Amino acid sequence: MTLQEYDYARESPSKLAASCLLLALTMKNLGGWTPTLEYYSGYRSQDLHPLVKRLNFLLTYQPHDKLKAVRTKYSHRVFFEVAKVTPMDMLKLEERLKSC
């Protein structure tokens, strides 16, 4: 989704990927940012929090008329129906990020 948004073009691909991973871990309640993830990514959890919040905002307020083919593709069970996952409430996300 970020490929279509100019605001994300200035972010480094590695930071964007790390932030997406942290958001996914948080959304699925699979734990936080571990020392191993910090070591191999080069990013501390706190460095990723602003971008994670922006990504969740993008998921929450996405226009449903754009990228219909992508949404349909990733709504299929082959892709684990990730397009159907509901975004986190911003306050709940903030709370979980503080704990990791």
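## Close-ups of a predicted helical model

**View 1. A24, a residue of helix α1.** A24 lies in helix α1. Keep in mind that everything in these views comes from a predicted model. Is A24 buried, partly exposed or exposed? With a relative accessibility of 37%, A24 counts as partly exposed, because that class covers values between 20% and 50%. Now look for R96: along the sequence A24 and R96 are 72 residues apart, yet in space their C-alpha atoms are 12 Å apart.

**View 2. Helix α1 from end to end.** Helix α1 covers residues 13–27, which makes 15 residues. How far apart should its ends be? Counting 1.5 Å a residue, the expected span is 21 Å, and the C-alpha atoms at the two ends are indeed 21 Å apart, so the two values agree. Several residues of α1 are buried: L16, A18, S19, L22, L23, L25 and T26. What do the buried residues of α1 pack against? Their partners are α2 (35–41), α3 (45–60) and α5 (90–99). Just after α1 comes N29, with a positive phi of about 55°.

**View 3. S19, a buried serine in α1.** S19 is found in helix α1, and its relative accessible area is 0%. That value is under 20%, so S19 counts as buried. Which residues does S19 touch, once those up to four places away in sequence are set aside? They are L48, L51, V52 and L55. These four also turn up on the α3 side of the contact in the next view.

**View 4. Where α1 meets α3.** Two packed helices are described by the angle between their axes and the distance between the axes. For α1 and α3, the angle is about 75° and the axes are 8 Å apart. That angle makes α1 roughly perpendicular to α3, because the perpendicular class runs from 65 to 115 degrees. On the α1 side, the contact is made by K15, L16, A18, S19, C20, L22, L23 and M27. On the α3 side you'll find S45, D47, L48, H49, L51, V52, L55, N56 and L59. Sorted by class, the residues of this contact are eleven nonpolar, four polar and two charged.

**View 5. Where α1 meets α5.** Here the helices pack at an angle of about 105°, with their axes 11 Å apart. α1 and α5 are therefore roughly perpendicular to each other. Which residues meet here? From α1 come L22, L23, T26 and M27, and from α5 come L93, R96 and L97. The contact of α1 with α5 has five nonpolar residues, one polar and one charged. R96 may ring a bell: it's the residue paired with A24 in the first view.

**View 6. Where α3 meets α5.** How do these two helices run relative to each other? They pack at an angle of about 155°, and their axes are 11 Å apart. That makes α3 roughly antiparallel to α5, because angles over 145 degrees fall in that class. The crossing of α3 past α5 is right-handed. H49, V52, K53, N56 and F57 are the α3 residues here, and they meet M90, L93, E94 and L97 in α5. By class, this contact has five nonpolar, two polar and two charged residues.

**View 7. F80 and E81 in the loop between α4 and α5.** Most residues other than glycine have a negative phi. F80 goes the other way, with a positive phi near 60°, and E81 has a positive phi too, near 50°. F80 lies in the loop between α4 (68–73) and α5, and E81 is found in that loop as well. Which words describe their surface exposure? F80 is exposed, with a relative accessible area of 72%. E81, at 33%, is partly exposed.

**View 8. P87, from the loop to helix α3.** P87 lies in the loop between α4 and α5. Its relative accessibility of 32% means that P87 counts as partly exposed. What does P87 contact, leaving aside neighbours within four places in sequence? Its contacts are M27, N56, L59 and T60. P87 can also be compared with T26: the two are 61 residues apart along the chain, and their C-alpha atoms are separated by 10 Å.

Technical notes:
Residues numbered from 1 in each chain as written. Predicted model: local features only at pLDDT ≥ 70, side-chain atom pairs only at ≥ 80, totals over all residues. Heavy atoms only, no water. Expected span 1.5 Å × (residues − 1). Buried < 20%, exposed > 50% of the residue type's maximum accessible area, 1.4 Å probe, protein only. Contact = heavy atoms within 4.5 Å. Axes fitted to C-alpha atoms, helices over the stretch in contact; angles between N-to-C directions. Parallel < 35°, antiparallel > 145°, perpendicular 65-115°, else oblique. Left-handed = near helix turned anticlockwise from the far one by under 90°. Nonpolar A, V, L, I, M, F, W, Y, C, P; charged D, E, K, R; others polar.
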